[in-house]
Amino acid sequence: MSGLLYKDFISVKGKKLTITFLVIFAVMIAVRILMPYIFSSLPDADLDMGDMMADGLYWIIGMLLFTMMFGTVICSCPTKLVEDDKTRGRVIDYYSSLPVTKKQYIASHYIFIGIMAYVVFSFSMIWYVIGSSLCRTEQINPLWNITQLVVFSFVLFSILCAAIDLGAFISLGSSKGKAVRVAMIVLLCTAILWYFFFGDVKDVSLEIIANWIMAHQFELLLVEVTGPFIVLSIYYLSYRISCHFCDKGAY
Amino acid sequence: MDKKVQLKRLIIFLVLAFGLAWGYEFIFIGNGFVWDMKDPDSVRLISLVSLGMLAPAIAHVLTRVFTKESLKPAGKDSMMLGINIDNGKWKVFLFAILIPLAYSAAADLLLCLTTRGLFDTSVLPDSGMPNSMAILIPVSAVSNGVIVSFAAFGEEFGWRAYMMPKLKALMGRYPALIVGGVIWGLWHAPLTCIGHNFGTDYPGFPYVGIIIMCLYCILLGGILTYVTEKTGSVWPAAFLHGVNNASPSILAAFMNAEKLSQVSLFKQIVCMVIPFVLICLILELRGRKKLM
C-alpha cells in the first residue's frame, strides 16, 4: 500500500506541492506575526467591534485563501490520480502484474486524498492557533467561530467534491468524469451568481456574519458534529461504488 | 540490536523532546503566562502553548535523522505511520475512538454516585441549553478528537512510535510502561506547575500534581501502547489521545460547578483511576488469554 501511495504522491507532483504548501504557510505565518493588527496604533478602548472585526478580516481572508487553494488542489487530485481512458488499459495490465488487488489500487487513491485533506486541515488549524494568539482578546470568540466554520466547511466540501469526482472518474471513465466535474462547477457558479444577483448582499459584513453565527450556535454545532460523519459516509460510499463498478470490469 | 545504541538513541530523543517542549513553554512561563481558563488573556494563548505537543514528533524525526535510523513509514522498526485495517484491526481503531467515552463517563459516574448534589439536571437549562444537547458532547468529542488530532498525533508519534519500542527493547514490557508513563508525566511538569489539568489550588501544589500526572500517564499510556501494539500504527493512539483531550463525558455537562469545586482532588483522582485500572487489567488478561 505504501508503494501505491508513493505512486500517487508522484502523480500529483507531491514534492513541488509540499514545498509550495510549506512556503505559503511560512509566509502567511510571518505576515501574521509581523503585522498583527491593521489598527495597531490605536488602543483597544478607541476601537468599536466593527474596527476589531476589520482588524481580523485579512487574517480570515488569508485563512480562506489558504484553505481554498489547497481545497482546490484536493478537488483536482482525481484527474491526476486516475488514468485517462486512452492509457487505462495499459495501466490495468501493469498493475495486474503487481501483488495488489484492484480494490487496493482504488483504495490507495481514496486514502491518499484523505491524507491530503487531513494534512491541509491540520496546517489550517496550526495557522489558526498562531493567528488567534495574536488577536485582541475581544476578537477571539467571533473570529474563532468564523474561521472554524470557514476551514471546516472548505475541507468537508473538498472531500465531498473529491468523493463525487473520484467515483465518477473510476466508475464512468475520464471523459464522463470530466463532464460530471464541469456540471458540478457550473452548479456551484450558478448558486454563487444567484446569491449575488438575487440575495441580500448589501448589508453583509463580518460583524453581521459573526452575530449570525452567535445566534445560530446550536444549528452550527449540529452541522459541525454531524457534517464529518455524513461527508465521510459519502466518501466511503463513493469508494464502495467504485469497487462495485471495478468488479463489473469498469476499471 | 545493541542495547547501548538503543540507549544512546533514546537519550538523544528525550533530550530533544524535553528541550524543545520545555524551551518553548518556558518562553511563555517566563513572560507570566498561567493556565487559567477564566482569564481571557490566558485563553488566547492556551492553544499556542499547546503546540508544544508537537515537540515529541519533531524530536522523533530529528533523532532518526541524526542517528541515521530508517525513515520508512510502515513495517518493522518503522515510524509506524501505516494504516492497516485488515484482519479485524479496524476493531482496534473503533475501540481507540470509543474507549475514552467509556472511561471518562465511568469516572464521572463514580464521582456523581459518591458526591451528594453533584449531579444536577438544571445545569444545562440554566445556561440556556436544553438537556438533550448533552448527547452532542460525546459525538462532538469523537468528531473533533479524530479530525483535529494533529496535536495528539504530535505526542503519540514521539512517545508511542519511538520511545516505547526503545524502552521495551531495553527493559521489557512492564517496566517500560511504568518508566514511559513517568517520563511522559514529567514532560508535562512545566504546564502542571502553572495550573494545567489540576489548577493551582490543591494541597502539595505542584509536586502532588506532577505525581498524579505521572500516574495518569502510566495508566493512559498502558491503553495507548496496547492499541499501538495491536495495529502496528500510531494512528489509533493519536485518535484515542485526541478524543480523550476533547473531554467526552456526558455527565460533565450535568455537574454542579460549585459542588465540584468542593470535591477533594484525592477523591477525583480515585474515581478517575478505578476505570483506568479496570480497562488495563481487562486488556492485559485478554492479551494473556490469546497467548495461551
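Trainee: How many residues of chain B are in contact with chain A?

Mentor: This is a predicted model, in which local features need pLDDT of at least 70 and side-chain atom pairs count only at pLDDT 80 or more, whereas totals for chains, interfaces and linings use all residues. Residues are numbered from 1 along each chain as its sequence is written, while chains are lettered from A and ligands numbered from 1 in the order in which they are written. Two residues are in contact if their C-beta atoms, placed from the backbone, lie within 7 Å. On that basis, 16 residues of chain A are in contact with residues of chain B, and the number on the chain B side is 17.

Trainee: Which element gives the most to the side of chain B that touches chain A?

Mentor: Two or more residues come from each of α2 (40–50) and α6 (136–147) of chain B, where helices (H or I, at least four residues) and strands (E, at least two) are DSSP runs numbered from the N terminus. With 6 residues, the element that gives the most is α2(B).

Trainee: How many residues on that side of chain B are nonpolar?

Mentor: Ala, Val, Leu, Ile, Met, Phe, Trp, Tyr, Cys and Pro count as nonpolar, Asp, Glu, Lys and Arg as charged, and the others, Gly among them, as polar. By this division the side of chain B that touches chain A has 2 charged and 4 polar residues, and its nonpolar residues number 11.

Trainee: What is the radius of gyration of chain B?

Mentor: Chain B has 13 helices and 0 strands, and its C-alpha atoms fill a box of roughly 60 × 50 × 30 Å along the principal axes. The radius of gyration is taken over C-alpha atoms, and the globule rule is 2.2 Å times the number of residues to the power 0.38. For 292 residues that rule gives 19 Å, and chain B is as compact as a globular protein of that length because its own value is close to this, at 20 Å.

Trainee: What share of the residues of chain B counts as buried?

Mentor: A residue is buried if 20 or more other C-beta atoms lie within 10 Å of its own, exposed if 12 or fewer, and partly exposed in between, with C-beta atoms placed from the backbone. In chain A, which has 251 residues, 27% count as buried. For the 292 residues of chain B, the share is 36%.

Trainee: How many residues of α7(B) are buried?

Mentor: Helix α7 (residues 150–171) of chain B has 22 residues, which should span 32 Å at 1.5 Å a residue (the expected span being 1.5 Å times one less than the number of residues), and the 30 Å between its end C-alpha atoms agrees. Just after this helix, B:G172 takes a positive phi of about 90°. Helix α7(B) is largely enclosed by the rest of the structure, because its buried residues number 17 of the 22.

Trainee: On which residue is the kink in α7(B) centred?

Mentor: The bend at a residue is the angle between axes fitted to the seven residues ending there and the seven starting there. The residue in question is buried, with 30 other C-beta atoms within 10 Å, and touches B:L224, B:V234 and B:H241, among others beyond four places away in sequence. The kink is about 35° and is centred on B:E156.

Trainee: Which residue in the loop between α3 (55–66) and α4 (89–114) of chain B has a positive phi near 55°?

Mentor: Most residues other than glycine have a negative phi, and most peptide bonds are trans. Phi is nevertheless positive, near 75°, at B:N197, which lies in the loop between α9 and α10 of chain B and counts as exposed with 12 C-beta neighbours inside 10 Å. In the loop between α3 and α4 of chain B, the residue with phi near 55°, exposed with 7 other C-beta atoms within 10 Å, is B:K68.

Trainee: Which residue follows B:F205 across a cis peptide bond?

Mentor: The residue lies in the loop between α9 (189–193) and α10 (207–231) of chain B. Omega of the bond is near 0°, and the residue reached from B:F205 is B:P206.

Trainee: In which helix of chain A is confidence lowest?

Mentor: pLDDT is the predictor's confidence in each residue, from 0 to 100, and chain A has a mean of 77, with 78% of its residues at 70 or more. Where pLDDT is low, the predicted coordinates should not be read in detail. Confidence in chain A is highest in helix α9 (residues 217–247), at 85, and lowest, at a mean of 68, in helix α4 (residues 85–96) of chain A.
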